[in-house]
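Me: I'd like a close look at the ligand site in this one, and then how the rest of the fold is laid out around it. Can you walk me through it in plain words?

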Amino acid sequence: MIDVRSDTVTRPTPAMLEAMMAARVGDDVYGEDENVNALQRRAADLFGMEAALFCPSGTMTNQIAIKLHTQPGDEVICDELAHTYLYEGGGIAFHSGASVRTLKGANGRFSAQQVRDNVNRRDDAHLPWTRLVAVENTVNKGGGGCWDLAELRAIRAACDAHGLALHLDGARLFNALVARGESAAEYGSIFHTISICLSKGLGAPTGSLLLGSRDHIARAHRLRKLMGGGMRQAGYLAAAGLYALEHNVARLADDHAKARTVAEALGGVSYVRDVLPVETNILIFHLDERVTPERYLGYLAERGIRAGTMGRQTVRFVFHLDVSDTQVGDLLAAVRNFH
Ligand SMILES: *Cc1c(COP(=O)(O)O)cnc(C)c1O
């Protein structure tokens, strides 16, 4: 079975499981789990940020961050493709009572000028107060594309000028760091809060981290409890996260190469209308009108390949550490032979 529906489908390797089994655990709600504390310290240091909080999911780290930065009635600016807006169950409304101003960016990436153009004046009582800008890197629905650091710095300057907070949904930030040869610390210096996922391309079974100032993380700790995300002997999961940060970051380049190889093949077949530019491990393409996604996915499924759609005529393949070279060969044969 070849599963390219998502990079969340990976299973821990024997070596990761060994690291998990060896964890000495304590009750993390009391702050007594050594591995959770080590993981939080490690991640904060990597990004040059003051503190970090281990949470069950990326959705929770994002939604806690949005709640940290807003009050009900405030407004959040994000791209119209943003995961925080589209795929977190309406959490911005539910948890934070904030409204959202979506921007139309280039495959999920907007400009500092667009931010400046969409900040509400505070002296007009009709308008919600703009409080937060949320960025996603890489952009999932944008085909895994990466932001330019210069634009992110310009967005931070626009936020500073208008008193706005800046949050990064970095569920796949390590893919961007590897693809662009950038450092985590550069990101730590631009954003007020960052969330990263250990359970996507890094291959841990579950877990995300929220990074920020000591004050942000102290408040986030209470919000995590309020949302029901306080975990007890979470050190088994944190041990997997530490293992993932140690062993599974540099290898993301392999996933990127696999995505590029398959993208090239798709560029040469007549049933594909277009392929979004591939920079990381996500490959999104649009089928020609004659082919329904159902028929295409059915064809792949008959060949033991599981893939997913992302809206009209849109198919997504995501590459990860459980997709072998042999499987890429089989996938290439399948996409070339479809008719
Ligand atoms: C997967 C993902 C998340 C959070 O996912 P969880 O499944 O809640 O861990 C957040 N943002 C992006 C861009 C994602 O792809």
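Reply: Going round the ligand, you meet Ser 57, Gly 58, Thr 59, Asn 62, His 83, Glu 88, Glu 136, Asn 140, Asp 169, Ala 171, Arg 172 and Lys 200. Keep in mind that this is a predicted model. Sorted by class, that shell has six polar residues, five charged ones and one nonpolar. Helix H3, which covers residues 58-69, gives the largest share of the shell, with three residues.

Now for some polar side-chain atoms and their distances to the ligand. Asp 169 puts one 2.6 Å from a nitrogen atom of the ligand. For Arg 172 the partner is an oxygen atom of the ligand, at 2.9 Å. Lys 200 also has a polar side-chain atom by a ligand oxygen, and here the distance is 2.8 Å. As for how much of the ligand is covered, taken alone it exposes 380 Å², and the protein buries 84% of that.

Asp 169 is a handy way into the fold. It stands opposite Ser 195 in strand E7. Strand E6 (residues 165-170) and strand E7 (residues 193-197) run parallel and are joined by four bridges. Both belong to an open sheet of seven strands, and if you read across it the order is E2-E8-E7-E6-E5-E3-E4, with mixed pairing. Strand E2 (51-55) and E4 sit at the edges with a single partner strand each, so one side of each has no neighbour in the sheet. From one strand to the next, the twist averages 20 degrees.

Helix H7 lies across E5 and E6, and its direction is at about 145 degrees to that of E6. The loop between strand E5 (130-136) and helix H7 (149-162) is where you'll find Thr 138. Have a look at the backbone there: the peptide bond from Asn 137 to Thr 138 is cis, with omega near -5 degrees. Another backbone detail to check is Asn 107, in the loop between strand E4 (99-103) and helix H6 (112-117). Its phi is near 50 degrees, a positive value in a residue that isn't glycine.

Further along the chain there's another open sheet, this one made of four strands in the order E9-E10-E13-E12 with antiparallel pairing. Strand E9 (272-275) and strand E12 (308-309) are the edge strands, each pairing on one side only. Helix H13 (residues 293-302) packs on this sheet and touches strand E10 (282-287), E12 and E13, with its direction at about 30 degrees to that of E13.

To trace the pairings, start with E9 and E10, which are antiparallel and share three bridges. A hairpin of six residues connects the two. Val 275 has Phe 285 in E10 as its bridge partner. Over at E12, two bridges link that strand to strand E13 (residues 314-318), and the two run antiparallel. There, Gly 308 stands opposite Arg 316 in E13.

If you want to go back to the ligand with all this in view, Asp 169 is a good residue to start from: its side chain has a polar atom 2.6 Å from a ligand nitrogen, and it faces Ser 195 of E7 in the seven-stranded sheet.

How values were computed
Residues numbered from 1 in each chain as written. Predicted model: local features only at pLDDT ≥ 70, side-chain atom pairs only at ≥ 80, totals over all residues. Heavy atoms only, no water. Pairing = 2+ DSSP bridges. Contact = heavy atoms within 4.5 Å. Axes fitted to C-alpha atoms, helices over the stretch in contact; angles between N-to-C directions. Near = heavy atom within 4 Å. Polar contact = N/O pair within 3.5 Å; in protein donor to acceptor, adjacent residues only side chain to side chain. Areas by Shrake-Rupley, 256 points an atom, 1.4 Å probe, with all protein chains shown as cover. Nonpolar A, V, L, I, M, F, W, Y, C, P; charged D, E, K, R; others polar.
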